[in-house]
Amino acid sequence: MKVADATILQMLVEKNVSLQPHNSFGIAAKALQLVRVASQADVAAVLADPALQSAPKFVLGGGSNIVLTGDVRPLVLKVEIMGRQLVAETERAWIVEAGAGENWHELVAWTLAQGLPGLENMALIPGTVGASPVQNIGAYGVELQDRFESLDAVDLETGRAFTLDAAQCAFGYRDSVFKHPPTAPGEAGRPGLGLAGKALITRVRFALPKPWKPVLGYADLERRMAQEGLSDARQVSAQQIFDWVCDIRRAKLPDPAVLGNAGSFFKNPTVSPEQCADIIAREPKLVHYPMPDGSIKLAAGWLIDACGWKGKAVGHAAVYEKQALVLVNKGGTQNPVTGGEVMTLAKAIQTSVYERFGILLEHEPVVV
Ligand code: EPU
């Protein structure tokens, strides 16, 4: 019986699979070995297989936040766990659960169609549900952590399933426990609880607050409201916000299906008020936003643009002409950009921003 199981599983290990359709940059790299994971039982089967259990593993979602710098040697676990459902209703929220392999934007559209608003500001963010907590995705005034209830995951070493609430996910700006290696020192020198490379997220539950309230504080949305002649937030529906966010994103950001990219390539850096004042003395047009904690967030797109990078290229890697924060694949599927070109361009941008502003930009995508 055991032998038969292992034989069946071996047939499901695909060799030398092109990852070009599975990363939004469209970089041509291969997975030497790839297993499609459609359920928690599939993860258990991989971990029970003597040939696979101790192999290093790489979890692949929608591939919209990665730069592949070569063929992927670790066993690729491509998450295809599906399903979307309303699982509970409390006084304060509707709880919706989705499989990690579901497409994020389709989940947002589905919740609205079910009359369950709350995710509309995050419409059209590329990627899968399972990847959404990893970098705490966010847009137009709402971050994943604002709508997060809990998630289920599997420990890739022990096969143990576990559930994490928001506090345990340690969400930060484009950050979570899933981005930190297990050995990183934690607060006060305690061993870190990072889960990078250690867990596979299987399901995510969202708390969509009742009653629904529109989030319209973002300048682009306020402008859109004024254009439509609306003065009161109570006149705005979740579907309208969804449509506006889709319009704004389509105008500003390249569609990965047409021009490969990984969304914002750099995080918006945070500085102290003193550092900000010092830069403004030299650069009066600096775009900056005061944060609730007293720090100041700077627009990385503005910093890069100010250094003259829009449209510049290294090989087939280029800075998007309409938004300097986004790096794109100019070579399409025929002559695709390489991960090396993307990273060379990224380093050149970091150097020039550092030389002019004294700020080291941090890249957002995971480099594999
Ligand atoms: N700007 C320029 N030149 C540019 C780009 C931007 O001057 O080439 C200026 C803009 O005029 C604006 C400011 O920089 O004053 C900020 O630009 P924008 O609103 O376009 O982008 P952002 O606020 O930096 C963030 C997220 C996006 C998210 C939008 C909307 C990050 C790194 N990016 O962009 O997230 O969609 O806000 O909320 O936080 C992503 O993470 O992949 C992503 C697209």
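This is a short chat about reading one helix pair, the ligand site and two backbone features in a predicted model.

Reader: What should I know before I start?

Author: Residues are numbered from 1 along each chain as its sequence is written, and side-chain values use heavy atoms, leaving out hydrogens and water. As the model is predicted, local features need pLDDT of at least 70 and side-chain atom pairs pLDDT 80 or more, while totals for chains, interfaces and linings use all residues.

Reader: At what angle do H5 and H6 pack?

Author: Helices are DSSP runs of H or I, at least four residues, and strands are runs of E, at least two, numbered from the N terminus. Axes are lines fitted to C-alpha atoms over the stretch in contact, with angles from 0 to 180 degrees between N-to-C directions. Here H5 (residues 219-227) and H6 (residues 238-252) pack at about 115°, axes 11 Å apart.

Reader: Which residues of H5 and H6 meet?

Author: Contact means heavy atoms within 4.5 Å. Asp220, Leu221, Arg224 and Met225 of H5 meet Trp244, Val245, Asp247, Ile248 and Lys252 of H6.

Reader: How far is Lys252 from an oxygen atom of the ligand?

Author: Polar contacts with the ligand are pairs of N or O atoms within 3.5 Å. A polar side-chain atom of Lys252 lies 3.0 Å from a ligand oxygen, and for a side-chain N or O of Glu364 the distance is 3.2 Å.

Reader: And the backbone?

Author: Most residues other than glycine have a negative phi, and most peptide bonds are trans. Tyr140, not a glycine, has a positive phi of about 50°. A cis peptide bond joins Lys210 and Pro211, with omega about -10°; Pro211 sits in the loop between strand E12 (199-209) and H5.

Terms used: Polar contact = N/O pair within 3.5 Å; in protein donor to acceptor, adjacent residues only side chain to side chain.
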